Amino acid sequence: MIGVRMASYPGTPLAVRALRREMAGLANDCGMDAEGIAAVRLAVTEAATNAVMHAYAEAQGELRVTATIEDGELTIVIGDTGRGLVEKRDSPGLGAGLAIIASVAQALKIVSDARGTQVHMGFPCPNAG
């Protein structure tokens, strides 16, 4: 089974809720159990909230989402067009959000530069071939 969904949402807290609901539905369709769906909800919430809080703290923007089901995996990519990951003087490391995502996702990759950040998350998808 190969499927791709692409969408964009406003970079707002209300949109995070809609995005979380959409990706949880996809996880359910993928055959995940309640624990797997909860992991997707948590990871998506963290990635999207990070974008809203950090990429768009001072300006409006959008969240770009791609979800792919292929080779037994649901891959969700949440991207923003902010300034990219920048070191904070008052907070060591990358913060709790990315650590949370890493703890619940099967795979995690961050791509960031001055044009924005993309968080790639992978989850096992029982109903995918």
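Hi everyone, this is a short walk through one structure, starting with a strand in its sheet and ending with its nonpolar core.

A quick word on the basis: this is a predicted model, where local features need pLDDT of at least 70, side-chain atom pairs count only at pLDDT 80 or more, and totals for chains, interfaces and linings use all residues. Residues are numbered from 1 along each chain as its sequence is written, and side-chain values use heavy atoms, with hydrogens and water left out.

Let's begin with strand 3, residues 73-79. Helices (H or I, at least four residues) and strands (E, at least two) are DSSP runs, numbered from the N terminus. Is strand 3 enclosed or open? Five of its seven residues are buried, so the rest of the structure largely encloses strand 3. Buried here means under 20% relative accessible area, exposed over 50%, and partly exposed in between, with a 1.4 Å probe and protein chains only.

Which strands pair with strand 3? Strand 2, residues 62-70, does so in the antiparallel sense over seven bridges, and strand 5, residues 116-124, is also antiparallel to strand 3 over seven bridges. Two strands pair if DSSP finds at least two bridges between them. Thr75 of strand 3 is the bridge partner of Thr68, while Leu74 stands opposite Phe123 in strand 5. Strands 2 and 3 form a hairpin with two residues between them, and Asp71 in that turn has a positive phi of about 50°.

Now over to strand 5, where we find Thr117. Thr117 counts as buried because its relative accessibility is 8%. Its side chain makes a polar contact with the side chain of Ser112, at 2.9 Å. A polar contact is a pair of N or O atoms within 3.5 Å; within protein, one must be able to donate a hydrogen and the other to accept it, and residues adjacent in sequence count only if both atoms are side-chain atoms.

Finally, the core. The largest nonpolar core has 34 residues, and Leu74, Ile76 and Met121 have the most contacts inside it. Such a core is a set of buried Ala, Val, Leu, Ile, Met, Phe, Trp, Tyr and Cys residues joined through side-chain atoms within 4.5 Å. Which element gives the most to this core? Helix 2 does, with eight residues.

Leu74 is a nice place to stop: setting aside neighbours within four places in sequence, its contacts (heavy atoms within 4.5 Å) include Leu26, Val40, Ile69 and Met121. Thanks for listening!
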